Amino acid sequence: ALRSQGSVQPGQLLITTNYDDSLERAFTATGEPYDLVYYDTDPNEPGKFVHVRPDGERAPIPRHTDYREFALEERSVILKIHGAVDRADEASDSYVITEDHYIQYLAHRSASELPAYLMARLRSSHFLFLGFGMSDWNVRVFLHLIWAGQVRRFGSWAIQLAPGEIDRRIWDRNGVEIVECALEEWVEAMRAQLP
């Protein structure tokens with residue numbers, strides 16, 4: 001909708017903890033190219049991320065490098081921090097599910113293994129949390145790694161219906177403004193803002 005108005009929009013950096021491919025399918029359905037980056041749970045190489053280019057080619061991302069094979073100024077990046085489903089090859093599915101998986105993931109500081117280019121973008125970005133609470137400690141650790149490196153805190157928002165006291169305290173401590181409404185209601189309000 002913004003492009004149809006003549007607005008030039010750079011790609012978005014979308015982070016998800018979901019394993020499914022609903023975001024990828026939505027981008028594909030609208031003809032939007034994207035890069036996919038997901039955590040690979042290969043026990044022989046813990047902490048590795050994989051880049052799936054728009055043409056489907058997979059490339060392991062070297063650790064501790066400034067891997068720059070993305071084009072956020074042209075297309076979006078979908079970052080799946082807890083792994084991904086692979087419909088083409090079931091053996092390539094990669095999931096961080098159990099508590100032991102999370103401990104291994106965090107012990108290898110996997111979030112800090114993100115390409116420096118993406119981490120720099122995260123550390124200089126506003127965040128919009130959609131349908132997301134702060135009850136998962138592993139996600140709080142991931143966000144701590146990002147926010148701890150920020151020179152200044154960027155405004156962020158959480159769309160959350162009836163957040164609990166723990167959510168409120170954590171959002172408040174991190175300077176995240178809560179917008180209390182159902183996610184569907186928020187989506188409709190945003191849709192109404194666009195022609």
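Which residue in β10 is the bridge partner of Trp-157? Select Trp-157 and then Glu-177, for Glu-177 is that partner in β10. Before going further, note that this is a predicted model, in which local features need pLDDT of at least 70 and side-chain atom pairs count only at pLDDT 80 or more, while totals for chains, interfaces and linings use all residues. Residues are numbered from 1 along each chain as its sequence is written, and side-chain values use heavy atoms, with hydrogens and water left out.

**The three-stranded sheet**

Widen the selection to strand β9 (residues 156-159) and β10, which pair in the parallel sense over four bridges; strands here are DSSP runs of E with at least two residues, helices are runs of H or I with at least four, both numbered from the N terminus, and two strands pair if DSSP finds at least two bridges between them. Adding β8 completes an open sheet of three strands in the order β8-β9-β10, with parallel pairing. Its edge strands are β8 and β10 (176-179), each pairing on one side only.

Next select helix α5 (residues 165-173), which lies across β8, β9 and β10 and runs at about 140° to β10. Contact means heavy atoms within 4.5 Å, and the axes behind such angles are lines fitted to C-alpha atoms, for helices over the stretch in contact, with angles from 0 to 180 degrees between N-to-C directions.

**The aromatic cluster**

Now show the side chains of Phe-127, Phe-129, Phe-132, Trp-147 and Trp-171, which form one aromatic cluster. Rings of Phe, Tyr and Trp (its six-membered ring) pair if their centres lie within 6.5 Å, and planes under 30 degrees apart count as stacked, over 60 as edge-to-face and the rest as tilted. The rings of Phe-129 and Trp-147 have centres 6.2 Å apart and planes at 80°, so this pair is edge-to-face. The pair links distant parts of the chain, with Phe-129 in strand β8 (residues 128-130) and Trp-147 in helix α4 (residues 137-148), 18 residues apart. Both Phe-129 and Trp-147 are buried, a word that means under 20% relative accessible area (exposed is over 50%, partly exposed in between; 1.4 Å probe, protein chains only).

**The five-stranded sheet**

Finally, move to the open sheet of five strands, whose order is β1-β5-β2-β3-β4 and whose pairing is mixed. Within this region, strand β3 (residues 48-52) and β4 pair in the antiparallel sense over four bridges, and His-51 stands opposite Ala-59 in β4. Select helix α1 (residues 22-29) last, to see how helix α1 lies across β1, β2 (34-40) and β5 (76-80), running at about 165° to β5.
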